[in-house]
Amino acid sequence: MTGAVDWSISIYGRNEAATIGDCLTSVLAAAGGRSFHVAVMLNGCTDRSAQIAAATGRGAPGVDIYTIAHADKSNAWNQFVHRLRPPAGTYFFVDAYAAVAPHSFSALARALAEAPGANAAAALPSSGRSAPVLREAMLRDGGLHGSLFALSSRFLDRLTQTGWRLPVGLYRGDGLINSMAVHDLGATTPWQSARVVSSPEATWRTRPQRVFRPADAVRHLRRRVRQARGRMEVAAIQDIIYRAEPEGGFGALPNWADAMLLDWMAADPARRPTWRSNLFGMLAARNLRRTPPAEAMLVPMLSPPVRLPARDQAGYAAPIAGTTSRA
């Protein structure tokens, strides 16, 4: 895309055919009245996410749908930030399973404008059992949630100038972005939580999960494994970035998260989880591999417009209750 827009919005998802229509519909509604560009970054999808996104975004100016063979959000984020992002006033990042509340983008942009020293603005959840606790914690302690947040153009320009990327395969990508924001891109720069502001008016909703529904139960167990991996990632990242320069800092992070974790555990065998000490962590460690994916699998491909049969379009573009291509 050429030319500047007010808002750049990127959406990230893997096999979110059940929610991508809701998400994109809510994003387009929340962006109404401003010049914007939407990049839908679908990675590793084996369902009809791309077709449904194309059907939902048909007729809306400034919507591009990209597919990436490798299933990894961190790589998709890198590809957007370093390869695809248009010039824009504010950058918004959304998970494809979330429906954005109508005034969320405006609230996040306003929060950044009212705090000139802020690098990022965080939205707060409005659905789910843990939402009240998470909202309170984010308002008290700060921090980003990957489902919806904003970065200032100034911060993102500086980040891309460094050439730094999230390690491919990193589950806790939003945590690393938050760390870069509060440290102002310097690991030795004092942590200032005011560099990430929260906006209570900006929020999102998700579909409720039912633990007795097989698909949701499987998703929950997989999330427990990813969360266990995430805790190990945090420890490994802290061990790297807080070393003295030039061995440390954000620029010392490796390209591949799996290799980072394997090296971190090899440095101290006591770090390797066992079924007694950390069952979900052990399951996560068993999935680590040193061989990275081929470069061609990491590159986004612009998806052509797709026409869905009428029977496949039904129900996908209706917003989640409670929320009112260019190719």
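1. Glu201 and Arg110 form a salt bridge whose closest N and O atoms are 3.0 Å apart, a salt bridge being a side-chain nitrogen of Lys or Arg within 4 Å of a carboxyl oxygen of Asp or Glu. Because Glu201 lies in strand 8 (residues 196–206) and Arg110 in helix 4 (residues 104–113), the pair ties together parts that are 91 residues apart in sequence; helices (H or I, at least four residues) and strands (E, at least two) are DSSP runs, numbered from the N terminus. Glu201 counts as exposed at 56% relative accessibility, whereas Arg110, at 36%, is partly exposed; here buried means under 20% relative accessible area, exposed over 50%, and partly exposed in between (1.4 Å probe, protein chains only).

2. The model is predicted, so that local features need pLDDT of at least 70 and side-chain atom pairs count only at pLDDT 80 or more, while totals for chains, interfaces and linings use all residues. Residues are numbered from 1 along each chain as its sequence is written, and side-chain values use heavy atoms, with hydrogens and water left out.

3. The structure holds 8 salt bridges, and another of them joins the side chains of Glu233 and Arg229 at 2.7 Å, N to O. These two residues are 4 residues apart in helix 8, which means that about one helical turn separates them. Glu233 is buried at 0% relative accessibility, and Arg229 is likewise buried, with a relative accessible area of 12%. A network of salt bridges links Arg229, Glu233 and Asp258.

4. Helix 8 (residues 214–241) has 28 residues, which at 1.5 Å a residue should span 40 Å, and its end C-alpha atoms are indeed 40 Å apart; the expected span is 1.5 Å times one less than the number of residues. Its buried residues include Val225, Ala228, Met232, Ala236 and Ile240. The buried residues of this helix pack against helix 7 (173–182), helix 9 (257–267) and helix 10, contact meaning heavy atoms within 4.5 Å.

5. Arg243 and Asp239 also form a salt bridge, with the closest N and O atoms 3.1 Å apart. Arg243 is partly exposed, with a relative accessible area of 39%, and Asp239 is partly exposed at 31%.

6. A search of the whole structure finds 8 aromatic pairs, in which rings of Phe, Tyr and Trp (its six-membered ring) have centres within 6.5 Å, with planes under 30 degrees apart counted as stacked, over 60 as edge-to-face and the rest as tilted. Phe80 and Phe93 make an edge-to-face pair, 6.2 Å centre to centre with 85° between the planes. This pair links distant parts of the chain, with Phe80 in helix 3 (residues 73–84) and Phe93 in strand 4 (residues 88–95), 13 residues apart. Phe80 and Phe93 are both buried, and ring pairs link them with Tyr12, Trp77 and Phe149 into a cluster.

7. The rings of Trp164 and Phe250 have centres 5.9 Å apart and planes at 45°, so this pair is tilted. Since Trp164 lies in the loop between helix 6 (153–162) and helix 7, and Phe250 in the loop between helix 8 and helix 9, the pair ties together parts that are 86 residues apart in sequence. Trp164 is partly exposed, with a relative accessible area of 23%, whereas Phe250 is buried at 3%.
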